[in-house]
Structure formats: structure tokens, C-alpha cells
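Colleague: Please take me through the model shown below, one point at a time. I would like the terms set out before the results.

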Amino acid sequence: MAYAFWGTKPNLNQAVNRLNSQTLNLGGIIGGITGGNGQHATDEQVEAAVQWAINKASNNYITYSQTNRNLKNPSGMSFDCSSFVITAFYAVGVDINATYTGDMRAGFTAAGWTWIPGTRWEASQLLRGDILLDEQIHTQMYIGDNQDVNCGSTPAKVIPHSVDNFGRGWDGILRKL
């Protein structure tokens with residue numbers, strides 16, 4: 001009797017080895033999705049903030065709340081989009097003087113980030129750790145491999161990159177050079 005998956009009847013050791021191999025393969029795929037596929041930000045604090053955000057969004061159930069957001073509380077479990085991004089940097093020792101999307105540009109540029117205006121950002125134009133900003137509505141962080149991390153809903157998560165803020169357009173990006 002032939003078995004579709006292995007071709008012939010496997011013994012128990014072959015089955016376990018095949019399962020372990022598939023599990024390792026799946027782990028590599030998942031690691032590439034949530035980790036930006038091995039990319040690394042050019043600034044160490046930016047990379048650390050990216051890692052904090054990915055870890056927080058991937059390994060915890062982070063809720064979205066504007067009322068109960070944990071601005072500059074790295075151990076918090078509830079954020080809105082701006083408090084999530086600001087806190088990612090605060091968690092790694094960068095205290096940005098900003099509290100919401102409307103003052104993030106001023107806070108980050110005062111801390112050394114560069115403002116680059118633009119409404120549409122292809123992944124090929126972005127660097128890991130770039131902060132996409134719509135000053136009226138939303139912010140999220142590009143993490144590489146055509147992915148963003150954000151807390152724009154419950155739960156916070158790694159999502160496919162949004163080139164145009166889900167059809168609304170971005171105002172620009174904040175980049176640490």
C-alpha cells in the first residue's frame with residue numbers, strides 16, 4: 001500500500017524525522033514573517049525599538065485603546081498606534097517628546113529623525129524602522145520584508161506593508177539616519 005505523503009509505508013522514526021523537518025521549516029517561515037526576514041536597521045536603537053515592537057505584537061495579546069493606552073510604559077498591555085511607536089523607542093532609552101500622531105513629527109525630528117514627506121511609500125523605498133505617519137489618523141513602523149508592525153486594532157500585530165495607509169495616504173515618514 002502506498003501512502004500519499006511518503007510514498008511508502010514509513011516506520012515511526014521516519015515519520016518523526018519528517019515531522020521535525022516540517023516543523024523546523026515552518027519555524028523558519030514564521031521567523032521570516034515576524035522578524036523582517038533577517039534585515040537589520042542601520043541604527044542600533046532603532047533596531048532595538050523594532051525588536052521591542054515585533055516582540056510585543058507577536059508574543060503578547062496587546063489591546064488597542066486610546067483611553068487606556070500605556071504611553072511610555074513598556075510593560076503595558078494596551079496602546080493606541082502612536083503610544084505603541086513612541087513607547088517602542090522609550091523602551092530602548094530614547095525618550096521622544098510626543099504624545100500622539102499630531103506631535104510625533106516635531107518630537108522625532110527634535111530627537112534627530114529626518115522628516116520625508118510623501119503620501120505613498122513602497123517597501124523598496126523604506127528602511128527597517130521607518131515610521132509611517134498620517135498626522136491626523138495613524139502611525140506604524142516598517143520592519144522589512146514588506147511588513148509593518150502596528151497597534152491600530154486589537155490585537156497589535158505584524159501586517160503586510162500598507163503603501164498608502166489603507167487608501168488614506170501618508171503624510172510622510174520619519175527616518176533615523
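Modeller: Two strands pair if DSSP finds at least two bridges between them. Helices (H or I, at least four residues) and strands (E, at least two) are DSSP runs, numbered from the N terminus. This is a predicted model, in which local features need pLDDT of at least 70, side-chain atom pairs count only at pLDDT 80 or more, and totals for chains, interfaces and linings use all residues. Residues are numbered from 1 along each chain as its sequence is written, while side-chain values use heavy atoms and leave out hydrogens and water.

Colleague: How many helices and strands does the chain have?

Modeller: From the N terminus on, the elements run α-α-β-β-α-α-β-β-β-β-β-β. The secondary structure comes to 4 helices and 8 strands.

Colleague: In what order do the 6 strands of the open sheet lie?

Modeller: The pairing in this sheet is antiparallel. Strand S3 (113-117) and S7 are the edge strands, each pairing on one side only. Neighbouring strands are turned by 30 degrees against each other on average, direction ignored (axes are lines fitted to C-alpha atoms, for helices over the stretch in contact, and angles run from 0 to 180 degrees between N-to-C directions). The order is S3-S8-S4-S5-S6-S7.

Colleague: How many bridges join S3 to S8?

Modeller: The two strands run antiparallel. Pro117 stands opposite Gly172 in S8. The number of bridges joining S3 to S8 is 5.

Colleague: Which residue in S8 does Leu133 stand opposite?

Modeller: S4 and S8 pair in the antiparallel sense over 3 bridges. Pro117 also has its opposite residue in S8, namely Gly172. For Leu133, the residue opposite in S8 is Gly172.

Colleague: Which residue in S5 is the bridge partner of Leu132?

Modeller: S4 and S5 form a hairpin with 3 residues between them. They pair in the antiparallel sense over 4 bridges. In S5, the partner of Leu132 is Gln140.

Colleague: Which residue in S6 is the bridge partner of Gly144?

Modeller: Strand S5 (residues 138-144) and strand S6 (residues 147-150) run antiparallel and are joined by 3 bridges. In S6, the partner of Gly144 is Gln147.

Colleague: What angle does helix H2 (residues 44-59) make with S5?

Modeller: H2 packs on the sheet, touching S3, S5, S6, S7 and strand S8 (172-176). H3 is another helix at the sheet, lying across S3, strand S4 (131-134), S5 and S6, and it runs at about 45 degrees to S5. The direction of H2 makes an angle with that of S5 of about 105 degrees.

Colleague: Are the residues on the two faces of S4, Ile131 and Leu133 on one side and Leu132 and Asp134 on the other, buried or exposed?

Modeller: Buried means under 20% relative accessible area, exposed over 50%, and partly exposed in between (1.4 Å probe, protein chains only). In a regular strand the side chains alternate between the two faces of the sheet. Both faces of S4 are covered, and these four residues are all buried.

Colleague: How many of the 5 residues of S8 are buried?

Modeller: Over the whole chain of 177 residues, buried residues make up 41%. S8 is largely enclosed by the rest of the structure, because its buried residues number 4 of the 5.

Colleague: What distance separates the C-alpha atoms of Val163 and Arg120?

Modeller: Val163 is found in the loop between S7 and S8, and it is buried, with a relative accessible area of 18%. Leaving aside neighbours within four places in sequence, Val163 is in contact (heavy atoms within 4.5 Å) with Thr119, Arg120, Trp121, Glu122 and Trp170. Val163 and Arg120 are 43 residues apart along the chain, and their C-alpha atoms are separated by 5.4 Å.

Colleague: What share of the contacts between residues at least 6 apart in sequence join residues at least 24 apart?

Modeller: The Val163 and Arg120 pair, 43 residues apart along the chain, is in contact. Among contacts in the chain between residues at least 6 apart, the share joining residues at least 24 apart is 55%.

Colleague: Is Ser75 buried or exposed?

Modeller: Ser75 has its place in the loop between strand S1 (63-64) and strand S2 (78-79). Ser75 and Ala91 are 16 residues apart in sequence and 8.8 Å apart in space, C-alpha to C-alpha. With a relative accessible area of 59%, Ser75 is exposed.
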